[in-house]
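Student: I am new to this structure and would like to look at it with you, one question at a time. Could we begin with the strands and then turn to the rest?

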Amino acid sequence: MLQNINEQKNTLSFEVFPPKKDGEFESAFQILDSLGLLKPDFISVTYGAGGSRSGRTVEIASYIRNHLGIDAVAHMTCVGSRKEDLLRVAESLGEHHVEYVLALRGDRPRDMSDEQYASRDFAHASDMMEFLKKNTRLRMAGACYPEKHYECFSMESDLNNLLKKQQAGAEFLISQLFFDNDYYYAFLEKACRKGITIPICAGIMPITSSKQIGTTVSLSGSSVPKALADLIANYGDSKEDMRKAGIDYAIRQIRDLQENGVKHIHLYTMNKPKMAGEIARAIYRQQN
């Protein structure tokens, strides 16, 4: 439950993405049923660029909240959305009893012109948060970047932006994925000195194929430590060996975080419940 975050209890949460095609919803619900058996504290649901799949996000979030009885956090992006678009999505979420959103600027859609981009209603996620706080009943989470956002020129500037999110109403934060815990520990110290007091969930993505790392790094800007690079070099040619090694790396990464006082783990599941289950069971054994 999301209240566990505010009570500073240990939490495990998942991220999923909606199906791209309507015919894939049945399998998506089966995936959610499997993830629900792991009893996460919440499940977040991603959002298409410019809100292109907002209806599917609402439908998946509604299933999580109303069928599985698990708190849902619906991603909401503002880069390609007008105020009326956000209010419409907020109303739909409310009708489905979904209370929380992860408020994000989002990536610029490829078909968005320079003129459209310059005239958008919200330049930053914190601007959208202020609008949502004033005009809706939604409760909000924000994103943070242990190695800073790739567009930001300095960590100090990025932390200033993060503080604005807290001031705008964010109740907790979910981090971008990272592979080197030392970066995360350094980030937590800097955030604390900046005055960030809300809970932060550590975002972990298991790398289970060698092809995945190139896409992941290019999208996230996360650095690849030698231990992970060596793992890919040793096991990348074997699908099953790479899968096992990647899951083991994620488990060891999470255990180190927990041993160093990190209470909140957010797993980027890539809609793979078997993988999530293996990691969750390993973590629970460690805790018990």
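**Strands, cores and loops**

Tutor: Strand 2 and strand 3 (residues 71-77) pair in the parallel sense over four bridges, where pairing requires that DSSP finds at least two bridges between two strands. This is a predicted model in which local features need pLDDT of at least 70 and side-chain atom pairs count only at pLDDT 80 or more, while totals for chains, interfaces and linings use all residues. Residues are numbered from 1 along each chain as its sequence is written, and side-chain values use heavy atoms, with hydrogens and water left out.

Student: Which residue of strand 2 is the bridge partner of Glu-15?

Tutor: Helices (H or I, at least four residues) and strands (E, at least two) are DSSP runs, numbered from the N terminus. Strand 1 (residues 11-16) also pairs with strand 2 in the parallel sense, over four bridges. Within strand 2, the partner of Glu-15 is Ser-44.

Student: Which residues of strand 2 point the other way from Phe-42 and Ser-44?

Tutor: In a regular strand the side chains alternate between the two faces of the sheet. Strand 2 covers residues 42-45, and all four of the residues named here are buried (under 20% relative accessible area, with exposed over 50% and partly exposed in between, for a 1.4 Å probe and protein chains only). Phe-42 and Ser-44 point one way, and those pointing the other way are Ile-43 and Val-45.

Student: From which helix does the largest share of the largest nonpolar core come?

Tutor: A nonpolar core is a set of buried Ala, Val, Leu, Ile, Met, Phe, Trp, Tyr and Cys residues joined through side-chain atoms within 4.5 Å. The largest one has 68 residues, and those with the most contacts inside it include Leu-257 and Ile-279. Its largest share, six residues, comes from helix 12 (residues 273-287).

Student: Is Asn-271 buried or exposed, and what is its relative accessible area?

Tutor: Asn-271 lies in the loop between strand 8 and helix 12, and its phi is near 60°, a positive value in a residue other than glycine. Most residues other than glycine have a negative phi. Asn-271 is buried, with a relative accessible area of 15%.

Student: What is the relative accessible area of Met-270?

Tutor: Met-270 is placed in the loop between strand 8 (264-268) and helix 12. Met-270 has a positive phi of about 55° although it is not a glycine. Met-270 is partly exposed, and its relative accessible area is 36%.
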